[in-house]
Each structure stands twice: as C-alpha cells, then as structure tokens.
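Biologist: Please walk me through this model. I would like to learn how each feature is read.

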Amino acid sequence: MQGITDARYRRQHYTTYGGVAEYYTPFARVERGRIRDKEKKDLLPERNQGVPTVPQVIARDRSEFATLCDSLQRMGWGRIDINMGCPFPLQATAGRGSGILPHVERIEGILQEVALRTDVAFSIKMRLGWDDPMQCFEILPMINQSPIMQVTLHPRLGVQQYEGTVDMDACSLFYDGCEKPLVYNGDIHSVADIRRVVKAFPRLHAVMIGRGLVENPTLARDYSMDQR
C-alpha cells in the first residue's frame, strides 16, 4: 500500500505481530527512464534484511518492465511481483496496474520478458479486468503457459476501485481455470473472512491481506493461531 507499508512498517509488523509469510512492497515504477528513487531506497537489501519481502513493480509495457527488473536484479532480488491490479486512476489511465488488462499485446510482451529472465521467480497480482470481467480470461491461457509461479486475484474491476462487492462467481471461474498456485485478495477484514474464502476455494495457495492488516495488525497472527 503506497505511502504506508514501507520497509519501516514491514519490519515493525514482522517483529511485533508476525503471522505473515511474505510482505509485498508498494509498487516500484519508472520515472524519467529509471526506477523511481523513493521506491529504490525502500528496496535496498539492507532495509529489508531478515524480513520475508517480495518487491512489486508496475509497468505499462515490456520496456518499462525490463527497466525495473534490471534495477531490482542489480540489487540482488531474485523474486518479483508484477502489479496488474492497482485501480488508482493516475496509474490505470496510463495503462499500468489494472489499466493494462485490456491490452493483451502488452501483457504478452511482459510475459515474454519474464520467460527470458530464468534467474528470477515472477508472480502476478491482478483484477478481473479494467472494465470487463472477461478480460482476465483472455489473458489466463498466456499466464498458464508462462513461467509465472503464482497468481493473486482481487475479484473486482479496476473501475470499481474499492467500491461495491467482490465478484465471487467470476472468481470461482478463474479459480477453476487457473493452473498456477492461486492467492485470493479482497475484502479480508477478519478471521471469519479468511475462513469463508478458504472454505469456498480449498485449493487456494494463500490469502493476501492489504487494508485489513493495516486496520487490524494482529489479523494474520490471529488466523495462524486459529489453525492450531
């Protein structure tokens, strides 16, 4: 979450509360042809040492994506998450985040770049689409055939931002067709919410919590203890 879950927050949460398997950073972006300085500083290895951290990038095309990957790999990162879910208008209207989902050719280019970087493990975080829930199904075959190690789905449209309800019917269809380990994200605010999602989708690889963890820092730990 931009401006909130920086390295200082991640370290404090990990040491104080725990219960989280991986912390995903706010997305890094390209600015003036290179990785933005603010995000680069947050991703310095010494700032993340000892905390299970996954850097996240946001890009509108293969060129931006390659620039970001080059920077992260030079810093020593061997795991990168690709943001195709952010609904923030400033990014989405520029074709980044959920705004890239209608552009199949751009996603294909990014996945081609993924295939070339065999020394990095990549995952994707995405929404159902920007303005049409069928958009995720147009790119799902490409994802299934790619080296992507994991997919996180937030079952809303980008145009919804965080309003309305999650589309669990579309999520179920995606769950059935996704051949990669699938992570669920969206409207998780309690242990009961996690239980409900895990019961509905028993093959889920994991559950990702964003705003719910900021609201209740003990949520992940509470669920871990609930499973004992």
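Modeller: Start with Arg32, which is exposed, with a relative accessible area of 78%. Exposed means over 50% relative accessible area, buried under 20%, and partly exposed in between, using a 1.4 Å probe and protein chains only. This is a predicted model: local features need pLDDT of at least 70, side-chain atom pairs count only at pLDDT 80 or more, and totals for chains, interfaces and linings use all residues. Residues are numbered from 1 along each chain as its sequence is written, and side-chain values use heavy atoms, leaving out hydrogens and water.

Biologist: Where does Arg32 lie?

Modeller: Arg32 sits in the loop between β2 (30–31) and β3 (34–35). Strands (E, at least two residues) and helices (H or I, at least four) are DSSP runs, numbered from the N terminus.

Biologist: What should I look for in the backbone of such a residue?

Modeller: Check phi. Most residues other than glycine have a negative phi. Arg32 is not a glycine, yet has a positive phi of about 55°. Asp187 is another case, with a positive phi of about 60°. Asp187 belongs to the loop between β9 and α9 and is partly exposed, at 24% relative accessible area.

Biologist: Which residues of α9 are buried?

Modeller: Helix α9 covers residues 191–200, and Val191, Asp193, Ile194 and Val197 are buried there. Their directions fall within an arc of 160° seen down the axis of α9, so they line one face of the helix. The arc is that of the directions from the helix axis to the C-beta atoms.

Biologist: What covers those buried residues of α9?

Modeller: The cover includes β9 (182–185), β10 (206–208) and α11 (219–226).

Biologist: Is Leu182 in β9 buried or exposed?

Modeller: Leu182 is buried, at 6% relative accessible area. Now read its contacts. Contact means heavy atoms within 4.5 Å. Leaving aside neighbours within four places in sequence, Leu182 touches Val151, Leu153, Phe174, Tyr175, Leu204, His205 and Ala206. The C-alpha atoms of Leu182 and Val207 are separated by 8.7 Å, though the two residues are 25 apart along the chain.

Biologist: Which residues of helix α7 are buried?

Modeller: In α7 (residues 135–145), the buried residues are Gln135, Cys136, Ile139, Leu140, Met142, Ile143 and Asn144. They pack against α6 (104–116), β7 (121–129), β8 (150–157) and α8 (168–177).

Biologist: Now the N-terminal side. What does Ala7 contact?

Modeller: Ala7 lies in helix α1 (residues 7–16) and counts as buried at 8% relative accessibility. Beyond neighbours within four places in sequence, Ala7 is in contact with Asp42, Arg47 and Asn48. The C-alpha atoms of Ala7 and Val197, 190 residues apart along the chain, are separated by 29 Å.

Biologist: How many helices and strands are there in the protein chain?

Modeller: The chain has 11 helices and 10 strands. Its radius of gyration is 17 Å, close to the 17 Å that the globule rule gives for 228 residues, so the chain is as compact as a globular protein of that length. That radius is taken over C-alpha atoms; the rule is 2.2 Å times the number of residues to the power 0.38. The C-alpha atoms fill a box of roughly 45 × 40 × 30 Å along the principal axes. Buried residues make up 50% of the 228 residues.

Biologist: What do the contacts say about sequence separation?

Modeller: Take contacts between residues at least 6 apart in sequence: 73% of them join residues at least 24 apart.
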